[in-house]
Amino acid sequence: MMHSQPARTASHGIRSSVLAAVVVGGAALAGVLALPALTSLSFLTERSSDGVSVFDDDAPTVADLDPELRSALRQAAADAVGDGVRIVVNSGWRSAEYQTQLLREAVAKYGSEQEAARWVAAADTSAHVTGNAVDIGPTEATAWLSAHGAAYGLCQIYVNEPWHFELRPGAEDYGCPPPYADPTEDPRMRQQ
């Protein structure tokens, strides 16, 4: 009897350890599988100094975007979460006053209107003022959207601004058009 008792205890201990490992492993796996869903839910209203969630309807930079652009951006952001990428809006819709301020600051920084125009458009030509452009971040999101954006109609418009995207209908079927080197090459930026 003494011989079988330790065997039963050892067997019971092994089964308990295996059961515990299965429970812990299963819980860890469930946590990993649930992580993208839980993470994506936290993006719905999160704000930070690095931008706002594409789902934040309280932020004018998102809420005042063209509805089709906003919808495409949200679809892309939801899919990017599956790849572990978080897309935020660093700048979307802008008021004409704010755009004018940004241009003044760019002229001061770059030393001339011509050089500033490579980075900041005038209020009357800016796609941001009309809600038709969005600057996204972080860098991983820019790279993800550069690779996958055409599927949503979202295209990088300027080589020197890899964060700047606009909606280009037809990109889903034909790909994005080649980007301009900078805004000075974009015919839309010529003041009327």
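Where is the place of Asn132 in the chain? The legends below take this up in Figure 5, after an overview of the predicted model.

**Figure 1. Overview of the predicted protein chain, with its seven helices and six strands.** Starting at the N terminus, you can follow the elements in the order α-β-β-α-α-β-α-α-β-α-β-β-α. The chain has 192 residues, and 34% of them count as buried. Among contacts with a separation of 6 or more, 53% are between residues 24 or more positions apart. The surface that the chain exposes comes to about 11,100 Å², with carbon and sulfur atoms supplying 60% of it.

**Figure 2. Helix α6 and the elements that cover its buried residues.** Helix α6 spans residues 139–148, and here Ala141, Thr142, Trp144 and Leu145 are buried. Viewed down the axis of α6, these buried residues fall within an arc of 165°, so they line one face of the helix. Turn to the other side of α6 and you will find Thr139, Glu140 and Ala147, which are exposed. The cover over the buried residues of α6 includes helix α3 (67–81) together with the strands β4 (134–137), β5 (154–158) and β6 (161–167).

**Figure 3. A cis peptide bond between Gly137 and Pro138.** For orientation, most peptide bonds are trans. The bond that joins Gly137 and Pro138 is cis, with omega at about -10°. To find Pro138, look in the loop between β4 and α6.

**Figure 4. The largest pocket and the residues that line it.** About 370 Å³ of space lies in this pocket. Its lining is made up of 22 residues, and those closest to the pocket centre are Arg94, Trp119, Val120, Asp135 and Glu161. Helix α4 (96–110) and strand β6 each supply at least two residues of the lining. The most comes from α4, which gives seven residues. By type, the lining divides into 12 nonpolar, five polar and five charged residues.

**Figure 5. Asn132 in the loop between α5 and β4.** This view returns to the opening question: Asn132 has its place in the loop that runs between α5 (113–116) and β4. Its relative accessibility is 33%, and Asn132 therefore counts as partly exposed. Leaving out residues up to four places away in sequence, Asn132 touches Asp66, Leu69, Ala127, Phe165, Glu166 and Leu167. Arg70 is 62 residues away from Asn132 along the chain, yet the C-alpha atoms of the two are separated by 9.1 Å.

**Figure 6. Gln99, a buried residue of helix α4.** Is Gln99 buried or exposed? At 1% relative accessibility, Gln99 counts as buried, because that value is under the 20% cut-off. Setting aside neighbours within four places in sequence, you can trace contacts from Gln99 to Arg94, Val120, Ala121, Ala122, Ala123, Ser126, His128 and Val129. Two of these partners, Arg94 and Val120, may look familiar from Figure 4, where they are among the residues closest to the centre of the largest pocket.

**Figure 7. Ser71 in helix α3.** How does Ser71 count, given its 36% relative accessibility? Ser71 counts as partly exposed, since 36% falls between the 20% limit for buried and the 50% limit for exposed residues. Val54 is 17 residues from Ser71 along the chain, and the C-alpha atoms of this pair are separated by 9.3 Å. The helix that holds Ser71, α3, also appears in Figure 2 as part of the cover over the buried residues of α6.

Terms used: Residues numbered from 1 in each chain as written. Predicted model: local features only at pLDDT ≥ 70, side-chain atom pairs only at ≥ 80, totals over all residues. Heavy atoms only, no water. Helix = DSSP H or I, 4+ residues; strand = E, 2+ residues; numbered from the N terminus. Buried < 20%, exposed > 50% of the residue type's maximum accessible area, 1.4 Å probe, protein only. Contact = heavy atoms within 4.5 Å. Areas by Shrake-Rupley, 256 points an atom, 1.4 Å probe, with all protein chains shown as cover. Arc of directions from axis to C-beta. 1 Å grid on protein atoms, 1.4 Å probe; cavity = no way out; pocket = protein on both sides within 12 Å on 5 of 7 lines; lining within 4 Å. Points joined across faces, edges and corners; volume = space filled by probe spheres on them. Nonpolar A, V, L, I, M, F, W, Y, C, P; charged D, E, K, R; others polar.
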